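Please open the model in your viewer and keep the selection tool at hand. The tour below goes from stop to stop, saying at each what to select and what is there.

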Amino acid sequence: MTLLYLALVWLIGCGLLRWLFPAPLRWSLHNALLLFLAAGIGIGIASTLYFLTLASVGPKILVLASVEGVALIAALALGILVKRRGTLLQWAPGPPTPWYFTAALGVALASAVIMFIVCTLTKPHGEWDAWAIWNMRARFLFRAGEFWRDAFSNQLDWSHPDYPLLIPGIVAMCWTLARAESTLAASAAAFLFTLGTVGVLFSTLGVLRGKMQAFIAGILLLGSASLMVNGANQYADVPLGYFILGTLALLCLQDRYPEDLRFSVLAGLTAGFAAWTKNEGVLFLVAVIAARAWAISRYGNRATLTPQFLRLAAGFAAPVAVITFFKLRFAPPNDLLSKQPSHIVAHVADIGRWITVVEGYVQETFRIGYFLIPIVLVLALYWYLVRFKVAQQQRPAIATILVALGLTLAGEFAIYVALPGDASWQVQTSFERLLLQLWPSGLLAFFIAANTPQLYKPSKAAEKGKPAKKAVKPAAK
């Protein structure tokens with residue numbers, strides 16, 4: 001039953017996205033991107049409705065089933081009855097993709113899925129954060145009945161009771177509707193987010209840069225062992241990275257199709273769900289707003305700034321309202337705000353903490369993905385071979401991604417310095433996962449900017465832009 005409920009949640013996202021971006025019902029890159037985005041959008045909507053139902057009427061299963069059912073019927077009706085035609089996403093033109101790239105992508109996908117399944121079977125409850133924070137909170141919401149608010153007690157301060165509820169909400173919703181707990185709920189949701197991240201990156205690059213870049217980036221991301229391991233460990237960093245990537249990918253598509261402002265609406269929604277996933281998502285939401293304003297003002301058409309921001313705000317308005325309600329009504333103060341200002345000032349004035357955090361940033365950068373060879377060196381070699389060439393139309397998108405990720409890293413740096421506790425331990429235990437949140441989006445920026453490798457030597461006639469002439473065999477005497 002758990003898989004059935006998650007499938008219905010996925011249909012909520014499918015209906016909404018098909019209403020926003022209608023296309024013929026057939027296998028295409030357009031529909032593939034919508035399917036990958038629909039999983040996260042549906043989970044975000046369902047978990048939000050679950051929390052609002054719980055907060056308003058309490059743990060009443062019939063009310064919850066009715067609310068989720070109405071959302072499903074409404075979304076399917078919108079998706080089925082829509083008659084307009086909008087932007088159709090297709091493969092960008094590019095050189096042909098050799099067969100061995102397809103084979104390599106298939107091998108990487110199979111290996112990633114096997115790794116995820118093995119890790120899940122080995123640790124069905126996930127790692128520390130999964131069973132000590134996310135799944136524990138889901139059990140409070142499911143088991144405690146009228147006392148579900150105890151999940152946010154100050155006595156559980158070690159479990160970060162101020163964290164948002166996207167992951168605990170979807171797991172508890174599945175348990176409530178099924179009337180039974182199962183490790184399958186958290187594992188299946190983690191699988192959707194993990195493979196969905198790869199799918200969003202692959203599909204977006206296919207639209208923006210073509211098959212070759214999409215295949216290379218997909219192979220690299222599937223080869224990131226840390227993505228599969230942390231996804232199977234049910235850490236919320238992978239879902240957060242999914243929503244960060246979805247937001248930035250949609251803003252890139254907005255720059256490719258500037259007339260269709262629905263991309264900005266959906267980008268606002270995914271940014272709001274990033275904030276509903278983890279506290280770092282709130283920092284990203286602020287960062288992407290600032291980055292987008294600067295990128296459009298610097299490289300884009302300033303006349304589009306107001307219309308895009310109105311749509312962006314329309315997208316994240318509902319999630320931000322829910323987060324504000326949760327923070328003000330239920331969540332206790334977080335680790336940073338609960339401390340005395342004098343302690344924070346003392347930490348900021350400690351030069352040793354700055355040095356420790358900088359060292360951690362440098363060391364962990366070379367461990368991204370758990371590759372045998374540091375992937376930053378591989379990407380540096382790839383850049384040397386193909387170089388970057390950013391078209392004028394792509395500059396706002398690249399600037400948005402880089403500035404948003406840079407501001408997020410800078411904000412996290414400030415938190416590491418100011419946060420009470422051992423800075424070295426905090427960096428060592430969490431910064432690798434923080435980089436994992438931004439790693440897929442970093443790959444998106446890299447492959448948008450990188451030139452497409454030419455694996456086939458063009459003919460001399462093609463180089464001159466003329467059709468090649470057939471050789472005429474002289475007649476035999």
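Helices (H or I, at least four residues) and strands (E, at least two) are DSSP runs, numbered from the N terminus. The model is a predicted one, in which local features need pLDDT of at least 70 and side-chain atom pairs count only at pLDDT 80 or more, while totals for chains, interfaces and linings use all residues. Residues are numbered from 1 along each chain as its sequence is written, and side-chain values use heavy atoms, with hydrogens and water left out.

**Stop 1: two loops with positive phi**

Begin with Gln234, which lies in the loop between α9 (225-232) and α10. Its phi is near 65°, a positive value in a residue other than glycine. Gln234 has a relative accessible area of 7% and is therefore buried, where buried means under 20% relative accessible area, exposed over 50%, and partly exposed in between (1.4 Å probe, protein chains only).

Select Arg179 next, in the loop between α6 (166-178) and α7 (183-208). Arg179 is not a glycine either, yet has a positive phi of about 55°. With 63% relative accessibility, Arg179 counts as exposed.

**Stop 2: salt bridges**

A salt bridge is taken here as a side-chain nitrogen of Lys or Arg within 4 Å of a carboxyl oxygen of Asp or Glu, and the structure holds 11 of them. Side chains of opposite charge can pair when their charged atoms come close.

Select Glu127 and Lys123, whose closest N and O atoms are 2.4 Å apart in a salt bridge. Glu127 counts as partly exposed at 25% relative accessibility, and Lys123 is partly exposed with a relative accessible area of 35%.

Where do Asp237 and Lys278 lie? Select the two, which form a salt bridge with the closest N and O atoms 2.8 Å apart. Asp237 belongs to helix α10 (residues 237-256) and Lys278 to the loop between α11 (262-277) and α12 (279-299), so the pair ties together parts that are 41 residues apart in sequence. Asp237 counts as buried at 2% relative accessibility, and Lys278 is buried with a relative accessible area of 4%. To see what surrounds this pair, extend the selection to Asp129, Glu280 and Arg433, since salt bridges that share partners join Asp129, Asp237, Lys278, Glu280 and Arg433 into one network.

One more salt bridge to select is that of Arg262 and Asp260, whose side chains meet at 2.8 Å, N to O. Asp260 counts as buried, at 7% relative accessibility.

**Stop 3: charges over rings**

Keep Arg433 selected and add Tyr235: the charged end of Arg433 sits over the ring of Tyr235, 4.8 Å from its centre. A charge sits over a ring if NZ of Lys or CZ of Arg is within 6 Å of the ring centre and within 35 degrees of the ring normal. For another case, select Arg298 and Tyr299, where the charged end of Arg298 sits over the ring of Tyr299, 4.8 Å from its centre.

**Stop 4: aromatic pairs**

Rings of Phe, Tyr and Trp (its six-membered ring) pair if their centres lie within 6.5 Å, and planes under 30 degrees apart count as stacked, over 60 as edge-to-face and the rest as tilted. A search of the whole structure finds 35 aromatic pairs.

Select Phe51 and Phe326, an edge-to-face pair with 5.8 Å centre to centre and 85° between the planes. This pair links distant parts of the chain, with Phe51 in helix α2 (residues 29-57) and Phe326 in helix α13 (residues 305-329), 275 residues apart. Both Phe51 and Phe326 are buried.

Now move to Tyr361 and Tyr416, whose ring centres are 6.4 Å apart and whose planes stand at 85°, so the pair is edge-to-face. Here too distant parts of the chain are linked, Tyr361 being in helix α15 (residues 351-365) and Tyr416 in helix α17, 55 residues apart. Tyr361 is buried with a relative accessible area of 14%, and Tyr416 counts as buried at 6% relative accessibility.

Return to Phe51 and select the cluster in which ring pairs link Phe51, Trp148, Phe152, Trp276, Phe325, Phe326 and Phe330.

**Stop 5: residue Ile415**

Finish with Ile415, placed in helix α17 (residues 395-418). Ile415 is partly exposed, with a relative accessible area of 31%. Add Ile344, 71 residues away along the chain, and the C-alpha atoms of Ile415 and Ile344 prove to be separated by 9.7 Å.
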